[in-house]
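Let's take a stroll through the fold and see how its strands and helices fit together. Have the viewer open while you read.

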Amino acid sequence: MLGAYLQYMNPAERYILEQEEPYRSILLQVQLLIEATLPDPELLYKWKIPVYQSGGKIICYLNVSKGYVDVAFWAGEQFKRHQEHLQSTNRKFVRSLRYWKPEDIDPQVLTDLLEDAYEFRNVPFKAR
């Protein structure tokens, strides 16, 4: 039944709903937290993955990769909180939270980082 509706959905929503478990559940929980935290969240589909914008600026993207869900933030290196939770392997500017199962999600950490991402949404990348 769901398959019939997928063709009419936003491609980002379709990406989330077409994932296998546990990734679908993780993405849905993350989506709820994002939409409850950001002012005017907008779910887009760019680079073949879901991307959240707020105020016309990219806040984060969601990606299923190598056995986990990656919630990646563009200016993560500038965040004030929870740097110990952020992964930066082979990346200069992007930092991400990685979730292998729904129980890995710490709502407070994700909410804090979304707030930081919103705060730094207008900061350009710095050359290093």
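N63 stands opposite D70 in β4. This is a predicted model, and that pair belongs to a stretch where six bridges join β3 to β4, running antiparallel. The two strands make a hairpin with two residues between them, and K66 in the turn has a positive phi of about 50 degrees.

Here's how the bridges go for the strand pairs around β3 and β4:

| Strand pair | Bridges | Direction |
|---|---|---|
| β2 (residues 49–54) and β3 (residues 57–65) | four bridges | antiparallel |
| β3 and β4 | six bridges | antiparallel |
| β4 and β5 | five bridges | antiparallel |

Two more partners to click on: S54 has K57 in β3 as its bridge partner, while V71 is matched with L97 in β5.

Zooming out, these strands sit in an open sheet of five, ordered β1-β2-β3-β4-β5 with antiparallel pairing. β1 (41–46) and β5 (95–99) are the edge strands, each pairing on one side only. From one strand to the next, the twist averages 25 degrees.

Helices pack on the sheet too. Helix α3 (residues 23–37) touches β1, β2, β3, β4 (68–73) and β5, and its direction makes about 170 degrees with that of β3. Helix α4 (residues 107–119) touches β2, β3, β4 and β5, with its direction at about 30 degrees to that of β4.

So why is β4 largely enclosed by the rest of the structure? Because six of its six residues are buried. Y68, D70 and A72 point one way from β4, V69, V71 and F73 the other way, and all are buried. In a regular strand, side chains alternate between the two faces of the sheet.

Technical notes: Residues are numbered from 1 along each chain as its sequence is written. This is a predicted model: local features need pLDDT of at least 70, side-chain atom pairs count only at pLDDT 80 or more; totals for chains, interfaces and linings use all residues. Side-chain values use heavy atoms; hydrogens and water are left out. Two strands pair if DSSP finds at least two bridges between them. Axes are lines fitted to C-alpha atoms, for helices over the stretch in contact, and angles run from 0 to 180 degrees between N-to-C directions. Contact means heavy atoms within 4.5 Å. Buried means under 20% relative accessible area, exposed over 50%, partly exposed in between (1.4 Å probe, protein chains only).
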